Amino acid sequence: MKMYATGSAEYLVRLLSALLTLCLLLGCLPLYALAEEVDEAALEEQYQAARALYDAKDYLAAAEAFDALGEYSNSPAMARDSRRHQKREDYRAACKLYDEGHYYEAREALKALGDYERSKHYLYYCELEILAIEYREAKDLFEAGDYAAAQEKFLSLKGYSDSKDQAQKAEECLLAEQQAALELDWYNKGTAFMEAKNYAAARDAFIEAGPCQDATERMYEAILLVGHEEIDKAAKKALESGEYARAVMLFELNGDYEDSAAQADAAKEAWRNAGGDPEAALSEEEQNALDFERALMLKKLWRVEESNEILLRLGEYNNAAQLVAKVTEMKFTAEQLRDDATTQVSAVFVAPDGSKHCYRMYRGVKYWVEARAFCEALGGHMATLTTAEENLFVHNFMKENGFTTAYFGLMDEERDRTWVWVTGEPVEYTNWDSLEPSYSARERYGMYFYKHTEGTWNDSHFYEHWDDQEWSYFCEWDLDE
C-alpha cells in the first residue's frame, strides 16, 4: 500500500506540469503574432523611405537604404537600379567636368567609373589635357629661372612632347647656374687674396673663376705682381750673397714695385761699402750674364718684345737666340687656362740638388709655341727634364694618368742640332730613343712618344700644320725650397 501511494503522487505531479506548460503556450500565441505584424510595418516604412530617396534621385543613399532592407520585397533589385542610376549621374558629372576644363577633377571621377560607357575614352583625352597643362607649367618654371623645379616637372611628364629634351636643358641650365655660383665664389676669393697681397693664390683663384666678370684681367694683374715678387725675391737673395751688380739690375728692373728704387740705391751703397764701383763697366762675360738673366726676367713682366731684343743681341751666348719667343702678344683667358688641364697637379718631385718641382698636363693648343706661352701664363714653364730621376718621375706621372704621348720644354728651333731647354738651363742630360733625334722635316721639339714605352725621347713638330690636332704637353712649376 505504501509503495502504491508514492507512485501515484509522482504521476500526479508530472500531469499537472504538462497541463501548465500547455496553458502557457496557448496563452502566448497572440504575442508572437503581434510581433510579426510590428516588424512588417517597420520594414515597409523603411522601404518607403528608400523609395523616397530613389524618387528624389539621391541614388547613392537609396542604394544604401535598400541594401539595409536585405531581401525585403524587391529591395535587391532597387539597390542595383539605384547604383545604375548613380553611375549614370557620375558619368554625366564627369563628362561635364571634362567639357568645362576641370581636367584634374574629371580624371578622378572617370577613373572611378572604370569601363562604364566611354569613360576610358574621356580619361585618355583628359590625361592628354593634363599633360599639356603641366608641360606649360614646366615651361613657365623654366622661363622664370627655376630650373630645378622645371626639370622635376618635365621628368614627371614621362616623355610627353619634347619633355625629355626640355628636362636635359633644365639640367644644363641648373649646372650652369651652379657653376656660375662657384665661379663667383672663386672670383671673390681672388679679390680677397689680392687685398692680402697673396698674388700667387689670387692668380690661381681668378683662373678658377673662368669667365666670371673681369677674372681674366684680374688674373693677368696678379700674374704681373707674381713676376714682380719673384724678381724682388731674386734681388734680395743676390744682395745677401754679395752679388751687387745682379741685385742692382733686378731692383731696377722691378721699376716702381713697392720700394724697388730705394732698394736699388741701397744695393749700390752696399756695393760701394764693399769696395766696388757701381759706375764701373763690367766685363763682357759679366754683362752678358746680367743681360741674359734680365731677358728671362722680362718675360715674367710680360715685356716679351724687350726680352726678345736682348736675346737676339746675345746670339749664341747660352743659345740665347733660340729662346726668342715667337708669340709676343698671345694671352689666354682664365677659362682656357682652367679648362685645358687634363690631369691634377703631380706630387712634389725633389731633385738630387734639393730643388722641388711639380707638373701638370694640358691639351688645347695647336702649336708648341702656344703651349710654351700657355705654361708661362700659368706662372710656370714647359717641363725641363734635367736628370734621369726627374725624367722617370714625369714619365710615370704621364702613364698613371692614361697618356702615352706628351711634349716637354726641349727645343731646337733653328734645327741646327743644338737643343735648348726653355728656361735656358744647360742641356746636360738627354734620354733619346735609338735613332733619335731623327731631324725629320720640321721636327724640332722634344716629346714622349707612344712607340717609345720606356721614357725615351723623340723629336717631333707638335703637328704645327695640322689644324685639327691638339697634343698634350707638360707644364712645370719650381717651388720654393
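**Helices, strands and salt bridges**

Q: What is the relative accessible area of K189?
A: This is a predicted model, so all we have here is a computed value. K189 comes out as partly exposed, since the partly exposed class runs between the 20% and 50% cut-offs. The relative accessible area of K189 is 35%.

Q: Which residue does K189 form a salt bridge with?
A: Let's look along the helix. The partner and K189 both lie in helix α7, residues 163–195, and they sit 4 residues apart, about one turn of the helix. The closest N and O atoms are 3.5 Å apart, which is inside the 4 Å cut-off for a salt bridge. The partner, itself partly exposed at 37%, is D185.

Q: How many salt bridges does the count come to?
A: Side chains of opposite charge can pair when their charged atoms come close. With a 4 Å limit between the nitrogen and the carboxyl oxygen, the D185–K189 pair qualifies at 3.5 Å. By this rule the total is 24.

Q: What does α7 reach from its first C-alpha to its last?
A: α7 has 33 residues. At 1.5 Å a residue, the expected figure is 48 Å, and the model comes close to it. The computed reach is 48 Å.

Q: Which helices do the buried residues of α7 pack against?
A: The buried residues of α7 include A167, L174, Y187 and M194. Two of the buried ones, S163 and Q166, are also in contact with F154, and F154 lies in helix α6. So α6 has to be on the list, and the full set is α5, α6, α8, α9 and α14.

Q: Is F154 buried or exposed?
A: Besides S163 and Q166, the contacts of F154 include Y135, A138 and K139. Its relative accessible area is 1%, and anything under 20% goes in one class. That makes F154 buried.

Q: How many residues apart in sequence are the parts that E413 and K326 tie together?
A: The side chains of E413 and K326 meet in a salt bridge at 3.0 Å, N to O. E413 lies in the loop between β4 and β5, and K326 in the loop between α13 and α14. So the pair ties together parts whose separation in residues is 87.

Q: Is E413 buried or exposed?
A: The K326 end of that pair is exposed, with a relative accessible area of 55%. E413 has 8% relative accessibility, below the 20% cut-off. E413 therefore counts as buried.

Q: What is the distance between the closest N and O atoms of E413 and R444?
A: E413 also forms a salt bridge with R444. R444 lies in the loop between β5 and β6, so this pair ties together parts that are 31 residues apart in sequence. R444 is buried at 15%, and the closest N and O atoms are apart by 3.8 Å.

Q: Which residue in β8 does R360 stand opposite?
A: Strand β8 is largely enclosed by the rest of the structure, because 5 of its 7 residues are buried. It pairs in the antiparallel sense with β2 over 7 bridges and with β3 over 2 bridges. From β3's pairing, M382 also stands opposite the residue in question, which is C475.

Key. Residues numbered from 1 in each chain as written. Predicted model: local features only at pLDDT ≥ 70, side-chain atom pairs only at ≥ 80, totals over all residues. Heavy atoms only, no water. Buried < 20%, exposed > 50% of the residue type's maximum accessible area, 1.4 Å probe, protein only. Pairing = 2+ DSSP bridges. Expected span 1.5 Å × (residues − 1). Contact = heavy atoms within 4.5 Å. Lists of a residue's contacts leave out its neighbours within four places in sequence.
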